[in-house]
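Trainee: Before we go through this model together, could we take it one question at a time, with the reasoning spelled out before each result?
Mentor: Yes, let us look at it first and then begin.

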Amino acid sequence: MNLFRSEEHARRWPQFNAGSETGLGFIRLEDLVAFFGTESRRHMLDADYLSAWYPKRAAERRAVLERLGKTTPFWMGTPGTP
Amino acid sequence: MDQMFSRIMRALVETGRAPHYAELARALGLAVPQSRQLLLDVMQAYPIGWLHPDTDYIASFPPLNNLPTQYRVSVGGEQKWFAQCGFEATSVTWLFPGATVRVQAPCLDCGEPVVIEMRDGRLVTVDPPSVVGHLNWGFGPSRGKPPFL
């Protein structure tokens with residue numbers, strides 16, 4: 001889960017997984033900001049974050065990924081992925 | 001668990017370091033062994049973070065990391081934080097409301113800097129403009145793979 005200067009830089013990375021090729025593993029920065037900026041994220045400093053907000057994360061993530069069209073198991077993970 | 005979670009997160013924000021469970025014990029009015037068990041419970045409830053293997057030391061407590069990473073985070077010109085990974089780096093902004101959060105990391109390909117600045121969830125600076133996120137193994141299949149990839 002890294003940031004690269006561009007897709008070409010990522011492809012030149014010696015540890016680049018060819019399975020993430022054809023754009024599968026890439027995400028535009030603006031989309032990443034949306035993915036990691038869901039409502040629950042805005043409450044990480046709240047006193048009840050762990051009990052009240054963290055449990056909402058999985059559903060929020062799925063909703064963003066669906067909106068971005070990233071519905072493959074590569075992005076969606078297993079059902080319990082937080 | 002909420003109280004301990006909040007203490008850890010706020011300590012990370014304020015100091016750049018995660019406290020040890022023995023330090024948290026007094027703050028939470030717990031005996032030290034109780035504090036250790038509560039830390040283990042918190043980390044189980046927040047599995048996107050982790051302890052350093054075979055220790056009770058907090059290594060990662062996303063979006064921040066207690067163990068330095070290449071994702072250096074600066075706020076107000078002061079660099080004392082690290083993001084867990086490039087993705088979590090885009091979430092650090094929510095820990096510093098009203099402030100400009102700068103994330104700088106060397107590109108893993110060429111070593112040249114990747115810089116983003118965010119304020120209240122919005123991108124302010126992206127350098128170079130072609131910066132992209134990359135998930136190497138997938139969220140499901142990544143289990144068992146180094147999580148930072």
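**Domains, core and contacts**

Mentor: In this predicted model, the centres of domain 1 and domain 2 of chain B, taken over C-alpha atoms, are separated by 24 Å.

Trainee: Which residue ranges does the domain assignment of chain B give?
Mentor: The assignment divides chain B into two named domains, and their bounds are the ones to keep in mind when reading the separation of 24 Å between the centres. They are domain 1 (2-60) and domain 2 (72-127).

Trainee: Where does the largest nonpolar core lie with respect to the domains of chain B?
Mentor: This core has 49 residues, and those with the most contacts inside it include B:Ile8, B:Tyr71 and B:Val103. Its largest share, five residues, is given by helix H1 (residues 2-15) of chain B. Because domain 1 (2-60) and domain 2 (72-127) of chain B both give residues to this core, it lies between them.

Trainee: Which residue of chain A does B:Ala89 touch, once residues up to four places away in sequence are not counted?
Mentor: B:Ala89 is among the residues with the most contacts inside the largest nonpolar core. With residues up to four places away in sequence left out, B:Ala89 touches B:Tyr71, B:Ala83 and B:Val103, and from chain A it touches A:Leu3.

Trainee: What radius of gyration does chain B have, set against the globule rule?
Mentor: Chain B has four helices and nine strands, and its C-alpha trace spans about 50 × 35 × 20 Å along the principal axes. For 149 residues the globule rule gives 15 Å, and the value for chain B is close to that, so the chain is as compact as a globular protein of that length. The radius of gyration is 16 Å.

Trainee: Which element gives the largest share of the side of chain B that touches chain A?
Mentor: In this interface 43 residues of chain B are in contact with 41 residues of chain A. The elements of chain B that give two or more residues to that side are H1, helix H4 (86-89), strand S8 (122-127) and strand S9 (132-134). The largest share, five residues, comes from H1(B).

Trainee: How many residues on the side of chain B that touches chain A are nonpolar?
Mentor: The residues on that side fall into three classes, with five charged and 11 polar. The nonpolar ones number 27.

Trainee: What is the bridge partner of A:Phe4 in S9(B)?
Mentor: Strand S1 (residues 2-4) of chain A pairs with S9(B) in the antiparallel sense, over three bridges. In S9(B), the partner of A:Phe4 is B:Val132.

Trainee: Which residue is joined to B:Pro63 by a cis peptide bond?
Mentor: B:Pro63 lies in the loop between strand S2 (58-61) and strand S3 (64-65) of chain B. A further cis bond, with omega near 0°, runs from B:Asp127 to B:Pro128, and B:Pro128 is placed in the loop between S8 and S9 of chain B. For the bond to B:Pro63, omega is about 15°, and the residue joined to it is B:Pro62.

Trainee: Is B:Asp54 buried or exposed?
Mentor: B:Asp54 is found in the loop between strand S1 (50-51) and S2 of chain B, and its phi is near 65°, a positive value in a residue other than glycine. A residue with 12 or fewer other C-beta atoms within 10 Å counts as exposed. B:Asp54 has 6 C-beta neighbours inside 10 Å, so it counts as exposed.

Key. Residues are numbered from 1 along each chain as its sequence is written. Chains are lettered from A and ligands numbered from 1 in the order in which they are written. This is a predicted model: local features need pLDDT of at least 70, side-chain atom pairs count only at pLDDT 80 or more; totals for chains, interfaces and linings use all residues. A nonpolar core is a set of buried Ala, Val, Leu, Ile, Met, Phe, Trp, Tyr and Cys residues joined through C-beta atoms within 7 Å. A residue is buried if 20 or more other C-beta atoms lie within 10 Å of its own, exposed if 12 or fewer, and partly exposed in between; C-beta atoms are placed from the backbone. Domain bounds come from an automatic or database domain assignment. Two residues are in contact if their C-beta atoms, placed from the backbone, lie within 7 Å. The radius of gyration is taken over C-alpha atoms; the globule rule is 2.2 Å times the number of residues to the power 0.38. Ala, Val, Leu, Ile, Met, Phe, Trp, Tyr, Cys and Pro count as nonpolar, Asp, Glu, Lys and Arg as charged, and the others, Gly among them, as polar. Two strands pair if DSSP finds at least two bridges between them.
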